[in-house]
Amino acid sequence: MWKVGDLVARKSYGKDICFHIVELDRSNRMAVLKGVEVRLLADAPVSDLEKLSDKELRDYIAGYTREEDDVMRLIRSRRLIEEEKRLIRSDIKFRDHHDFFEKPGRVLHLDGDGSYLHKCLMFYEELRIPAIGHHVPEVRMAEMLPQLLDQYHPDILILTGHDGLLRKGQDLSNVFNYRNTENFIRAVKAARRYERSFDDLIIFAGACQSHYESLLDAGANFASSPHRILIHALDPVFIAEKIAYTPINQTVNIFDVVKSTITGTDGLGGVESRGKYRIGLPRSPY
C-alpha cells in the first residue's frame, strides 16, 4: 500500500526523477508527487509508480549531490580569482589601505515550497549571501510582496516554488496551461509596481517548465524555463549568488550567470542587469 512520504519514480518516464508522494486521493489510485531536487509537482496514477530500491536511491542522491558540489566548486574558484583581482585593484586605488569590507547584494526569497526554501537558505549562508526567506504559496505571492518589499528592501528578489505544464500536448504559449506561471507573473508585476528599475531590484521568477517569455515581459530580469524543462531546486540560489557578487559598476554576464547553475541555458535565462556587490573602506575595529 502506498503512503505519503514514499520515495518513488514513474515507470512511464523511465524512472528519471525521484519523487516524494505528497498526496493520495481517497481511492488510492492517483498521487500528487513532488520532485526531490527538481521544482516539479506532478499527478500520476499509482499504477505508474515504483518504489526506488536502496541502490537506486543511493545512485540518485549521489548524482544530484555531485551536481551541487560541482557548482559550488566552480563558485568558490571564481570567488578566489575575483578576490585576488579586487586586492590588486585596492592596492592601486587605496595604496596602504587594505582593510576593506564586503557588502554583497541582499536577497528576499519567496518560495512556494518550505522544504526547498530551507535547503536554499542553507546554501545562501554557505555562500555568504545575506538572505531572508518566506514560505509563501504561489497564489499569495503578489498579495504579500508590497509588505515584504517595504519591510526588507532587498537588492535581489527570488520568486519560485512549483510550476509545470498541466497537460501534455497543450499550447505552450498559453500561460493558463501552466500550474503557477500566472501566479508568478502577478507577483513580478506587483514587485515592479514597487520598484520599476531593473537595476535597483533584480528579479528572478519561475520554477520547472515556467513560461519564460511571459515572466520576462512582466518585468523579471531572469526567469525559467526557455525550453520548458525542469530546473534544479538550487538554481535560483546560484543565480542570486552571481548577481550578489558582481560589482555594482559592472553588468552581470548573462552567460556566466546561467553557467553558474545546474540546469543551464535550456532551463534559465535573462536580460542584462547590473551587479549588487560593493566594497567599503575601512573596516571598523569594533
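This is a short walk through a sheet and some of the helices around it, in a model that is predicted.

Let's start with the sheet. Six strands build it, and they line up in the order β8-β7-β9-β10-β11-β12. The sheet is open, and its pairing is mixed. At its edges you will find β8 (131-135) and β12 (269-270), each of which pairs on one side only. Helix α2, residues 114-126, packs on this sheet, where it touches β7 (107-111), β8 and β9 (156-160). If you follow the direction of α2, you will see that it makes about 175° with that of β8.

Now look at one pair of strands within the sheet. Strand β10 (residues 202-205) pairs with strand β11 (residues 222-223) in the parallel sense, over two bridges. Here Ala205 stands opposite Ala223 in β11.

From β10 we can step to another helix, since α4 lies across β9 and β10. Relative to β9, α4 runs at about 160°.

Helix α4 (residues 181-194) also packs with helix α3 (residues 141-152). How are two packed helices described? By the angle between their axes and the distance between the axes. For α3 and α4, the angle is about 30° and the axes are 8 Å apart. Angles under 35 degrees count as roughly parallel, and α3 and α4 are therefore roughly parallel to each other. The crossing of α3 past α4 is right-handed.

Which residues of α3 and α4 meet? From α3 come Met141, Ala142, Leu145, Pro146, Leu149 and Asp150, and from α4 come Phe184, Arg186, Ala187, Ala190, Ala191 and Tyr194. Ten residues of this contact are nonpolar, two are charged and none is polar.

Conventions:
Residues are numbered from 1 along each chain as its sequence is written. This is a predicted model: local features need pLDDT of at least 70, side-chain atom pairs count only at pLDDT 80 or more; totals for chains, interfaces and linings use all residues. Side-chain values use heavy atoms; hydrogens and water are left out. Axes are lines fitted to C-alpha atoms, for helices over the stretch in contact, and angles run from 0 to 180 degrees between N-to-C directions. Helices (H or I, at least four residues) and strands (E, at least two) are DSSP runs, numbered from the N terminus. Angles under 35 degrees count as roughly parallel, over 145 as roughly antiparallel, 65 to 115 as roughly perpendicular and the rest as oblique. A crossing is left-handed if the near helix is turned anticlockwise from the far one by less than a right angle, and right-handed if clockwise. Contact means heavy atoms within 4.5 Å. Ala, Val, Leu, Ile, Met, Phe, Trp, Tyr, Cys and Pro count as nonpolar, Asp, Glu, Lys and Arg as charged, and the others, Gly among them, as polar. Two strands pair if DSSP finds at least two bridges between them.
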